[in-house]
Amino acid sequence: MPDLFAEKLLDWYDNHGRHNLPWHHDRNAYRVWVSEIMLQQTQVATVIPYFEAFMASFPDVQALASAPEDAVLSHWSGLGYYARARNLHKAAKQIVEAYDGEFPQDQEALESLTGIGRSTAAAILAQAFGKRAAILDGNVKRVLARYHAVPGWPGQSAVLKQLWQHAETHTPNHRVRDYTQGIMDLGAMVCTRSKPKCDSCPLNSGCVAYAESQTHLYPGSKPKKQKPEKTTWMLIFEDTEGRILLERRPPSGIWGGLWSLPELDPAYGAEELQEACEKELGLVCSDPELISGFRHTFSHYHLHIQPARLPVSGNTRIADSESQRWLHRDEALTLGLPAPIRSLLTEPEQSALL
DNA sequence: GACGCGTGGAA
DNA sequence: TTTCCAAGCGT
């Protein structure tokens, strides 16, 4: 007996799905891979311009593997989750060295590459090679949780396991590429988080949540937690030539590997800033000019950023190095910068949210 | 298994 | 304004 789920979905995809996304053109494993990494936890509309620019600079896996990491991070600036860029670059080197530049075509080998997990490996297999492989991204989770009325939050492993089971069961043996794209499109366009368009859904006749008018209950919501508040000084040191001091952040943690402004312990008061800069950083500054602080919200905490501009008259310790550089503003903006730092440098007056 | 990791859009 | 969460993965 044919799986009507897949057949109905494929028919819908032919008529209503998305067939013209940038990574659908000149489709190959490299383009599919880069798009899948960029699309992790990131919406399609956000990704498109980044994908185009990335492909123009790194058209194939060899170009990416031989590029400096800074260039890769610079292309990721503003996209977030920067470990994705570092892992992508690392995996490109692995593919060139271990696989002679040819992508492996089995699930296990793909998952051994940095940054490729179960769902991304499956997406590459299906999209690039037409092989049968089940995916389970946020869209598919929502479709399946509603269709089968799977209770609970998908962050719980028991719930996730059930959803994977359903995903495997529904994945057809033919037209896997279209099916995979189709079920994601359905989740993005019809089975949306709020106000799903059930009337025009090809799967509504078999959908349990729809039959019970309970689509809003699926998937179960994440338990909410209080976000902690953190505070930091962000220092804009400016020398007599108009150059600014940038520091490379450690490879792990927030904004890992990106360039940012030097920070100082928030325990220092504004009046202690000048002295602290000389003591801790070896920079002789005149009075700090306090810029309006603002609160930046991350996934797990709020960060109160207190910017201060400090004209530097003497420099006793810091010189350009691997992790510290004096740059003019326009040069700084070519580096891989976190979005809030980029806007702080381009429009400091508009960062005044508080 | 729980947590850390960014940003922007939608409600 | 705040919260949620979007083509997840590594530790």
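Visitor: What percentage of the 354 residues in chain A is buried?
Guide: This is a predicted model, in which local features need pLDDT of at least 70, side-chain atom pairs count only at pLDDT 80 or more, and totals for chains, interfaces and linings use all residues. Residues are numbered from 1 along each chain as written, chains are lettered from A and ligands numbered from 1 in the order written, and side-chain values use heavy atoms, without hydrogens and water. Buried means under 20% relative accessible area, exposed over 50% and partly exposed in between, with a 1.4 Å probe and protein chains only. Of the 354 residues in chain A, the buried share is 47%.

Visitor: How many helices and strands does chain A have?
Guide: Helices (H or I, at least four residues) and strands (E, at least two) are DSSP runs, numbered from the N terminus. Counted in this way, chain A has 15 helices and 9 strands.

Visitor: What is the helix content of residues 38-189?
Guide: The unreviewed UniProt entry places the feature "domain: HhH-GPD" at these residues, 38-189; such annotations may be inferred rather than shown by experiment. The C-alpha atoms at the two ends are 20 Å apart. Strand makes up 0% of residues 38-189, and helix 66%.

Visitor: Which residues come nearest to DNA strand C?
Guide: A residue is near the strand if one of its heavy atoms lies within 4 Å of it. There are 27 residues around DNA strand C, and those that come nearest are Leu39, Gln41, Gly115, Asp137 and Asn139. Of the atoms of DNA strand C that come within 4 Å of the protein, the share from sugar and phosphate is 63%.

Visitor: Which residue has a side-chain N or O atom 3.1 Å from a base nitrogen of DNA strand C?
Guide: A polar contact is a pair of N or O atoms within 3.5 Å. Polar backbone atoms of Gln41 and Gly138 lie 2.6 Å and 3.0 Å from a phosphate oxygen of the strand. The side chain 3.1 Å from a base nitrogen is that of Trp23.

Visitor: Is Asp330 buried or exposed, and what is its relative accessible area?
Guide: Asp330 sits in helix 14, residues 329-332. Arg243 is 87 residues away from Asp330 in sequence, with 9.8 Å between their C-alpha atoms. Asp330 is exposed because its relative accessible area is 56%.

Note on methods
A polar contact is a pair of N or O atoms within 3.5 Å; within protein, one must be able to donate a hydrogen and the other to accept it, and residues adjacent in sequence count only if both atoms are side-chain atoms.
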